[in-house]
Amino acid sequence: MTATLIAFTIDCSEPAKLADFYAKVLGWEVTYAEEEYAAIGDGKTSIYFGRVADRKPVEWPSPDKQFHIDLRVPDVERAVQEYIDLGATRPDFQPGEGKWVVMQDPQGHLFCVCPERSA
């Protein structure tokens with residue numbers, strides 16, 4: 001049976017703040033926000049943020065990494081700067097030989113900023 005992804009949840013210490021960050025990055029709407037739980041969505045898919053007060057981000061690079069999100073943008077360096085302005089960081093370790101940029105959101109979760117596909 002084939003499933004349809006409706007949402008995934010990211011553990012963090014400040015759900016509303018992280019929801020606001022990703023809403024701005026993705027251009028999605030914050031659909032719910034409180035101290036313990038927040039959500040964003042595009043009308044089809046949602047990302048939920050659940051509060052885990054003592055959550056500690058993993059080091060990068062590390063085999064402890066459990067997931068990361070890949071985001072496609074038309075201008076990688078411009079997007080990277082905008083995300084830094086929103087509170088993300090750009091770690092020193094950058095695999096991929098410049099094909100994408102690894103970043104950490106304000107709570108330390110990894111995400112990659114990828115260029116549009118070439119024809």
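## Starting at Q107

Leaving aside its neighbours within four places in sequence, Q107 is in contact with C12, S13, E14, L18, R55 and P57. That's a good place to step into this model, which is a predicted one. Where along the chain does Q107 lie? Look in the loop between strand 6 and strand 7. Is Q107 buried or exposed? With a relative accessibility of 11%, Q107 counts as buried.

Two of those contacts lead to other parts of this tour. C12 belongs to the cysteine story further down, and C12 is buried too, at a relative accessible area of 0%. L18 takes us to helix 1, where L18 is one of the buried residues.

## The four-strand sheet

One of the sheets here is open and built from four strands, in the order 1-4-3-2, with mixed pairing. Which strands stand at its edges? They are strand 1 (7-12) and strand 2 (29-33), and each of them pairs on one side only. On average, neighbouring strands of this sheet are turned by 20° against each other, direction ignored.

Now zoom in on one pairing inside the sheet. Strand 3, residues 37-41, runs antiparallel to strand 4, residues 46-51, and the two pair over five bridges. If you'd like a spot to click on, try Y37, which stands opposite G50 in strand 4. As background, strands of a sheet pair through backbone hydrogen bonds, in either a parallel or an antiparallel way.

## Helix 1

Helix 1 covers residues 15-26. How far do its 12 residues reach? From its first C-alpha to its last, helix 1 spans 16 Å, close to the 16 Å expected at 1.5 Å a residue. Helix 1 lies across strand 1, strand 2, strand 3 and strand 4, and runs at about 10° to strand 3. Just after the helix comes G27, with a positive phi near 75°.

Which residues of helix 1 are buried? The list is P15, L18, A19, F21, Y22, A23 and V25. A16 sits in helix 1 as well, but A16 is partly exposed, with a relative accessible area of 36%. Setting aside neighbours within four places in sequence, A16 touches A33, E34 and A38. For a sense of distance, take A16 and L71: they are 55 residues apart along the chain, and their C-alpha atoms are separated by 21 Å.

## The three-strand sheet

L71 brings us to another open sheet, since L71 stands opposite V113 in strand 7. This sheet has three strands in the order 5-7-6, and its pairing is mixed. Why does one side of strand 5 and of strand 6 lack a neighbour in the sheet? Strand 5 (69-73) and strand 6 (101-104) stand at the edges with a single partner strand each, so one side of each is left without a neighbour there. From one strand to the next, the twist averages 30°.

In what sense do strand 5 and strand 7 pair? They are parallel, with five bridges between strand 5 and strand 7, which takes in residues 110-115. Helix 2, made up of residues 76-85, lies across strand 5, strand 6 and strand 7, and runs at about 150° to strand 7.

## Aromatic rings

How many aromatic pairs does the structure hold? There are eight. One of them joins F21 and Y22 edge-to-face, with 5.0 Å centre to centre and 85° between the planes. Both partners are tucked away: F21 counts as buried at 3% relative accessibility, and Y22 is buried at a relative accessible area of 1%.

The picture widens from there. F21 and Y22 belong to one aromatic cluster together with F49, Y83 and F111.

## Cysteines without a bridge

How many disulfides does the structure hold? The count is zero. A disulfide is a covalent bond between the sulfur atoms of two cysteines. Here the cut-off is 2.5 Å between the sulfurs.

Why doesn't C12 form one? The closest cysteine sulfur to that of C12 is in C112, 19 Å away, which is too far for a bond. C112 has its closest cysteine sulfur in C114, at 5.6 Å, and that is too far for a bond as well. Like C12, C112 is buried, with a relative accessible area of 8%.

Terms used. Residues are numbered from 1 along each chain as its sequence is written. This is a predicted model: local features need pLDDT of at least 70, side-chain atom pairs count only at pLDDT 80 or more; totals for chains, interfaces and linings use all residues. Side-chain values use heavy atoms; hydrogens and water are left out. Buried means under 20% relative accessible area, exposed over 50%, partly exposed in between (1.4 Å probe, protein chains only). Two strands pair if DSSP finds at least two bridges between them. Axes are lines fitted to C-alpha atoms, for helices over the stretch in contact, and angles run from 0 to 180 degrees between N-to-C directions. Contact means heavy atoms within 4.5 Å. Rings of Phe, Tyr and Trp (its six-membered ring) pair if their centres lie within 6.5 Å; planes under 30 degrees apart count as stacked, over 60 as edge-to-face and the rest as tilted. The expected span of a helix is 1.5 Å times one less than its number of residues.
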